[in-house]
Amino acid sequence: MEFLNHQFYLILFSGIFTALAASFLGTFVIVKRMALVGDVLSHVALPGIGLALLIHIDPFYGAAVFLLIAVVGTWLIETRTALPPDAVIGAFFTAALALGVLLVPDQELFESMFGNLFAIKFGDAVFMIVAAAIIFILTLIISRRLALSIVAPDLAKSIDAKPNAFYLFFLLLFALSIALGIKLIGSLLMGALTILPAVSARNFARSLKSFLTFSAILGILMTGLGIIISGAFRFPPGPAVILSGIAFFIISFIFKRV
Amino acid sequence: MAGEMHSKTAGAGETVLEVKNLFVNFGAQEVLGGISFEIKEGETLAVIGPNGAGKTVLFRALMGLIPFDGRIKWREGIKIGYAPQKLFENSELPLTVREFFVLKSKNLFFKDRRLCDSMYHELHSVGLGPEILERQLSNLSRGQFQRALIAWAILNHPNILLFDEPTAGIDLAGEDTIYNLLYKLKKERGMTIIIISHDLNVIYRYADKVLCLNKNQLCFGEPQKSLTGEQIARLYGESAFHHHDNNHIHH
């Protein structure tokens, strides 16, 4: 039990809060059927990380700026043009991944994609916990409007509920949550942390409320368990979290009513 | 170029909606051309036409959801309730009927007591019991789903109801009672109703006016006068003819 040190608790608590924000947002990512878009979106973080490393600033900011630009682009393509968003995003964002691979130094590339790159300091942990809590609360506040905007955009417009604005707000929160997870589990796996709890929760949720609740609980459980495993066996936390999430996903099928 | 949307003040029994020379284009393609009609307070207007004739597009233009050319003039201060054919297809969201109603609340987070009270009232008026509230929207029968959508649309007492009837799937008995329900809303609340319908019998029985569409306007007026056999043949015969190159507009 020697891994239960100060550093471990910093990772555990910042991980749990990041998971709470990501898994709660993830329900809407699933409902909007943009799971793969979200996954590819996370690639955009990489060139941001590369640039941030080049000019010696915190990689979170580099990733956040690139992700925010990418979601605004996604939103514009989806709401203002007739272009199929998935094709455009797939091509454009994968190019960002290629650019990122060129920009990020070799020794840091693996870790920025799979986590554990930057030893999380106390200040980082506090920042992640506060930012994740804010993202979670904001998502909670917009969840009614967001659900209506996704399920029935015309009905949302008919009561003047501004579905496009809420959708943009949701994408911005989504981008920030991905940026938040980069130090912890890496950019490539953050998409999975967003999606896995939600698809598992979907298997036994019987209402919007239970869907949101189960997704958040599962996100916290899979992240907590993954980080404990990674601490105990000295794995990188990213893959451990995702594999524990897959375990929960498989278990969720037992509850699935066909 | 977006069309103009005007409102004017008028008394009871007067024109609620006036549409003049309405055009809607999707890109280079014209989906509605030269539509002109008006509807007076308390009237029921039936909109008919084959698949892809632009009926739902007309509704979306009337509500200002899509850009158009021409004039759409609603009476000032009018409240519109909209009951669409369907919601987002194959939704992954396990939404209960109660939650679906709560989504209409202006309160983003806290409980909306007024909405809850009128929710029970409107469910009752469309013939649904409170036990349906805990069921998932996706598990309702077609008939129950249509009623739930109507209840949702009339929740804040609109003056006008736009009802987009599904093409198929409602059994005759169910269909009959949906029309009785709409007739009741018209009688009891003086509601003006615009309905997209597929059933000619319904139109002769319930509609005060009929608008025949096939991208262009083929007829407008009282059903007995405007909807002649020749007109019907023109309307639906053309649809069969255009079957291969018609552009289905999915909503």
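# Exercises on a two-chain model

Leaving out residues up to four places away in sequence, Val104(A) touches Leu46(A), Ile49(A), Gly50(A), Leu53(A), Leu109(A) and Ser112(A), where contact means heavy atoms within 4.5 Å. This is a predicted model, in which local features need pLDDT of at least 70, side-chain atom pairs count only at pLDDT 80 or more, and totals for chains, interfaces and linings use all residues. Residues are numbered from 1 along each chain as its sequence is written, chains are lettered from A and ligands numbered from 1 in the order in which they are written, and side-chain values use heavy atoms, with hydrogens and water left out.

## Exercise 1: Val104(A)

Work out where Val104(A) is placed in chain A, and whether it is buried or exposed.

Step 1. Find the place: Val104(A) is in the loop between α5 (85-103) and α6 of chain A. Helices here are DSSP runs (H or I, at least four residues), as are strands (E, at least two), numbered from the N terminus.

Step 2. Check the surface: Val104(A) has a relative accessible area of 2%, so it is buried. The cut-offs are under 20% for buried and over 50% for exposed, with partly exposed in between (1.4 Å probe, protein chains only).

Step 3. Compare sequence with space: Val104(A) and Pro47(A) are 57 residues apart along the chain, and their C-alpha atoms are separated by 7.2 Å.

## Exercise 2: α3(A) and α6(A)

Describe how α3(A) and α6(A) pack, and say which residues meet.

Step 1. Take the geometry: α3 (residues 45-54) and α6 (residues 106-114) of chain A pack at an angle of about 135°, with axes 11 Å apart. Axes are lines fitted to C-alpha atoms, for helices over the stretch in contact, and angles run from 0 to 180 degrees between N-to-C directions.

Step 2. Name the arrangement: α3(A) is therefore oblique to α6(A). Under 35 degrees is roughly parallel, over 145 roughly antiparallel, 65 to 115 roughly perpendicular, and the rest oblique.

Step 3. Add the handedness: α3(A) passes α6(A) in a right-handed crossing. A crossing is right-handed if the near helix is turned clockwise from the far one by less than a right angle, and left-handed if anticlockwise.

Step 4. List the partners: Leu46(A), Ile49(A) and Leu53(A) from α3(A) meet Glu108(A), Leu109(A), Ser112(A) and Met113(A) from α6(A). By class, this contact has 5 nonpolar, 1 polar and 1 charged residues. Nonpolar covers Ala, Val, Leu, Ile, Met, Phe, Trp, Tyr, Cys and Pro; charged covers Asp, Glu, Lys and Arg; the others, Gly among them, are polar.

## Exercise 3: α4(A) and α9(A)

Now repeat the reasoning for α4(A) and α9(A), which cross at roughly 155°.

Step 1. The axes of this pair come within 9 Å.

Step 2. α4(A) and α9(A) are therefore roughly antiparallel to each other, and their crossing is right-handed.

Step 3. The contact has 18 nonpolar, 2 polar and 1 charged residues. Among the residues of α4(A) that take part are Phe60(A), Leu67(A) and Trp75(A), and those of α9(A) include Tyr167(A), Leu171(A) and Ile182(A).

## Exercise 4: two positive phi values

How exposed are His56(A) and Lys162(A), two residues with positive phi that are not glycine?

Step 1. His56(A) has a phi near 60° and sits in the loop between α3 and α4 (59-80) of chain A. Its relative accessibility is 74%, so His56(A) counts as exposed.

Step 2. Lys162(A) has a phi of about 50° and is found in the loop between α8 (153-158) and α9 (163-185) of chain A. Its relative accessibility is 48%, so Lys162(A) counts as partly exposed.

## Exercise 5: Ser215(A)

What does the side chain of Ser215(A) reach?

Step 1. Locate the residue: Ser215(A) lies in helix α11 (residues 208-233) of chain A.

Step 2. Check the surface: Ser215(A) has a relative accessible area of 0% and is buried.

Step 3. Follow the side chain: it reaches the backbone oxygen of Ser23(A) at 2.8 Å.

Step 4. Look around: leaving aside neighbours within four places in sequence, the contacts of Ser215(A) include Thr27(A), Pro197(A) and Ala201(A).

## Exercise 6: the two chains

Set out the helices, strands and buried share of each chain.

Step 1. Chain A comes to 12 helices and 0 strands, and 56% of its 258 residues count as buried.

Step 2. Chain B has 8 helices and 10 strands, and 52% of its 251 residues count as buried.

Technical notes. A polar contact is a pair of N or O atoms within 3.5 Å; within protein, one must be able to donate a hydrogen and the other to accept it, and residues adjacent in sequence count only if both atoms are side-chain atoms.
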